[in-house]
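Here is a quick briefing to read with the model open beside you. Take it one topic at a time, and find each part in the picture before you move on.

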Amino acid sequence: MLQTKIKNYFSEEKTASFKEEIEYARKHQIIDESSMIKEMDPVSRFSNAYIERSDKETEEFLGEESELFLNQQILYLKKHLNEFIYIESDCFPMIHAESMSLEVDDIFRTYEVMLGLKLQKKYEKVIKAFLEKELIGEIKVSLLFNQTDGLWDFNFALNNLEEFNEDLTIGEVLVLIYRFLFKLAETVEENK
């Protein structure tokens, strides 16, 4: 699971990495406490991500975006209610995610994250307990196991993450989601 992925990740000598991976590797003695690994800007994790905008109603492709789009405030989605953002990143497998979409709910005006979560069905209780513990406010979550794909269809409101606010950029929101899912992956691993 996560430990195997982190071991593979650090199997090559690294001089720089991201906070979550460094802390996990030190905690589990995958790398030495004294290892001098520079912490990278967390938003740069998504610099090679595939980002596209589409129409919510028709799913018509509206455009592919460069990494500069990550500097847009998440408020972009409230200004363009008809759009959703689809993202693929090579860092998603680390947190058991396939791809994700971001949009604003037309009725409640909450920021929604939709993704496929690659965790076995047997972890349902652990996942639900984690969500109850970590999410705040009036929790808006949909978690359904898809037998066909063997993954969870997982939707949640960004508004339920304590650190979320509309001043964040799309890149900062992706970092927030990544950290949340990394913590979920770690919790599942500890409770297997």
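S6 and S7 run antiparallel to each other and are paired over six bridges. Keep in mind that you are looking at a predicted model. We'll start from this pair of strands, move out to the sheet around it, and then turn to helices and salt bridges.

**S6 and its neighbours**

- Strands of a sheet are held side by side by backbone hydrogen bonds, and the pairing can be parallel or antiparallel.
- Which residue of S7 is the bridge partner of Met100? That partner is Leu115.
- Met100 also has a bridge partner on another strand: Met100 of S6 is matched with Ile87.
- S5 (residues 83-88) is joined to S6 by four bridges, and these two strands run antiparallel.
- Another match between S5 and S6 to look for is Tyr86, whose bridge partner in S6 is Ser101.
- S6 and S7 make a hairpin with six residues between the strands, and Arg109 there takes a positive phi near 60°.
- Is S6 mostly enclosed or open? Seven of its eight residues are buried, so the rest of the structure largely encloses S6.
- In a regular strand, side chains take turns pointing to one face of the sheet and then the other.

**The whole sheet**

- Zoom out and you'll find an open sheet of seven strands, in the order S4-S3-S5-S6-S7-S9-S8, with antiparallel pairing.
- S4 and S8 (141-146) are the edge strands, and each of them pairs on one side only.
- On average, neighbouring strands in this sheet are turned by 15° against each other, if you ignore direction.
- At the S4 edge, S3 (residues 50-55) pairs with S4 (residues 61-65) in the antiparallel sense, over four bridges.
- One match to find here is Ser54, whose bridge partner in S4 is Phe61.
- S3 and S4 form a hairpin too, this one with five residues between the strands.
- In the turn of that hairpin, Glu59 has a positive phi of about 60°.

**Helices on the sheet**

- Four bridges join S5 to S6, and H5 packs on the sheet, touching both of these strands as well as S7 and S9.
- The direction of H5 makes about 130° with that of S6.

**Two helices that cross**

- H1 (residues 2-9) and H2 (residues 19-27) have axes that come within 10 Å and cross at roughly 105°.
- The two helices are therefore roughly perpendicular to each other.
- On the H1 side, the contact is made by Leu2, Gln3, Ile6 and Tyr9.
- On the H2 side, Glu21, Tyr24 and Ala25 take part.
- Sorted by class, this contact of H1 with H2 has five nonpolar residues, one polar and one charged.

**Salt bridges**

- How many salt bridges does the structure hold? The count is 16.
- One of them pairs Glu98 with Lys118, and their closest N and O atoms are 3.7 Å apart.
- Glu98 sits in S6 (residues 97-104), while Lys118 is in the loop between S7 (111-117) and H4 (124-134), so this pair ties together parts that are 20 residues apart in sequence.
- Glu98 has a relative accessibility of 42%, so it counts as partly exposed.
- Lys118 gets the label partly exposed as well, at 44% relative accessibility.
- Glu124 and Lys121 form another salt bridge, with their closest N and O atoms 3.5 Å apart.
- Glu124 is partly exposed at a relative accessible area of 25%, and Lys121 is partly exposed at 38%.
- Lys183 forms a salt bridge with Glu134, and here the closest N and O atoms are 3.1 Å apart.
- That pair links distant parts of the chain, with Lys183 in H5 (residues 170-190) and Glu134 in H4, 49 residues apart.
- Lys183 is partly exposed, with a relative accessible area of 39%.
- Glu20, Glu21, Arg45 and Arg179 are joined into one network by salt bridges that share partners.

Notes:
Residues numbered from 1 in each chain as written. Predicted model: local features only at pLDDT ≥ 70, side-chain atom pairs only at ≥ 80, totals over all residues. Heavy atoms only, no water. Pairing = 2+ DSSP bridges. Salt bridge = Lys/Arg side-chain N within 4 Å of Asp/Glu carboxyl O. Buried < 20%, exposed > 50% of the residue type's maximum accessible area, 1.4 Å probe, protein only. Axes fitted to C-alpha atoms, helices over the stretch in contact; angles between N-to-C directions. Contact = heavy atoms within 4.5 Å. Parallel < 35°, antiparallel > 145°, perpendicular 65-115°, else oblique. Nonpolar A, V, L, I, M, F, W, Y, C, P; charged D, E, K, R; others polar.
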